[in-house]
Amino acid sequence: MSWKRNLLAPLAVLTLALSVPAGSGAASASAPARAATAADAVSAVDYAAPGPYATAVEVGAVTTLYYPRDIANSGRRFPVIVWGNGTGAVPLVYRDLLLHWASQGFIVAAANTTQSNLGISMRAGIDMLTRRNSDPDSGFLNHVDLEHIGASGHSQGGAAAIVVGADPRIDAILPIQPGPLADIHAVHVPALLLAGEKDSIVLPFLVKAFYNAADHIPALYAEVRGADHFTVVGDPGPFAAPTTAWFRAQLMGDQAARAQFFGPGCGICTDSATWSDVRRNDLALDVPVTTP
């Protein structure tokens, strides 16, 4: 698959740009403190808004981390999202989306590789954070929630997210316009598969094929109205809110976010302005809108 060459820059420039700490997050976009009803939940939270955490970036040889800047002084653990890039791309291409997730309280371990399909570097990100979480000299000491890990990626990286979904450490996957070189039958966790209505590189029917094959796990297919293959690049636009809500629901237990995907009042199911097609398989339809 070809990539937009003008999106890429020399490695030295990328490293310098990624090394600069990101700015502060805006007001919190977390769910209201009161218990929300399903009807309230789907409309009360703007998951496209920046979260409450100022963010930072750390570039390593294999992995680039996007994370809450004051993690070392926090009294909590932060869930993990591992990320795979599209063919020929690097984490900087997706910087806005990955920083958005970090502002929402996630540690994002983005594989630096431009060929992510096998998921090796994504798994290496989990291994690295596991070591950092137990290292007394690390600011991540006891602040990584290794019990709640998601996998995502775009294009070839979306296929990699499916591959990594077979790893027993993964709790949910979110492939964005995934390439075809993956086997979803090995995935053991809930999946939200995102397609672009106008995508001429990974055509929607290819993403729908993964959804149709995922009859052994709760799976959702959602097609972003008007989106092409590069809509998620740079400003993630319509991809910011649903991806954030999915991981907040799956990794943080956010009930308002959960109502976007499950139950009879499913928020994305009625949002025809954002979605041109939304499907939920039988196992997803059986998932309750609230967790016990």
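In the predicted model, nine strands assemble into an open sheet whose pairing is mixed, and their order across the sheet is β1-β2-β4-β3-β5-β6-β7-β8-β9. The edges are formed by β1 (55–59) and β9 (275–280), each of which pairs on one side only. From one strand to the next, the twist averages 15°. In general, the strands of a sheet pair through backbone hydrogen bonds, in either a parallel or an antiparallel manner.

One pairing within this sheet can be described in greater detail. Strand β7, comprising residues 191–196, and strand β8, comprising residues 219–224, run parallel and are joined by six bridges. Across this pair, Leu 193 stands opposite Tyr 221 in β8.

Helices are also placed against the sheet. Helix α3, which spans residues 95–103, lies across β1, β2 (63–68), β3 (78–84), β4 (107–111), β5 (144–154) and β6 (172–176). The direction of α3 is at about 40° to that of β2. Helix α5, formed by residues 156–164, lies across β3, β5, β6 and β7. With respect to β5, helix α5 runs at about 140°. Strands β3, β5 and β6 are thus among those crossed by α3, and they are also among those crossed by α5.

Considered as a whole, the chain contains 10 helices and nine strands. The chain has 292 residues, of which 54% count as buried. Where contacts link residues at least 6 apart in sequence, 69% of them join residues at least 24 apart. The exposed area of the chain is about 11,600 Å², and carbon and sulfur atoms supply 56% of this area.

The chain also carries a covalent cross-link. A disulfide is, in general terms, a covalent bond between the sulfur atoms of two cysteines. The count in this model comes to one disulfide, which joins Cys 266 to Cys 269 with an S to S distance of 2.0 Å. This distance falls within the 2.5 Å cut-off, and the pair therefore qualifies as a disulfide. The link between Cys 266 and Cys 269 is right-handed, with 80° about the S-S bond.

The two cysteines of this link fall into separate classes of accessibility. Cys 266 has a relative accessible area of 1% and is therefore buried, as the limit for that class is under 20%. For Cys 269 the relative accessible area is 36%, so this residue is partly exposed.

Notes. Residues are numbered from 1 along each chain as its sequence is written. This is a predicted model: local features need pLDDT of at least 70, side-chain atom pairs count only at pLDDT 80 or more; totals for chains, interfaces and linings use all residues. Side-chain values use heavy atoms; hydrogens and water are left out. Buried means under 20% relative accessible area, exposed over 50%, partly exposed in between (1.4 Å probe, protein chains only). Two strands pair if DSSP finds at least two bridges between them. Helices (H or I, at least four residues) and strands (E, at least two) are DSSP runs, numbered from the N terminus. Axes are lines fitted to C-alpha atoms, for helices over the stretch in contact, and angles run from 0 to 180 degrees between N-to-C directions. Contact means heavy atoms within 4.5 Å. Accessible areas come from the Shrake-Rupley method with a 1.4 Å probe; for residues, only the protein chains shown count as cover.
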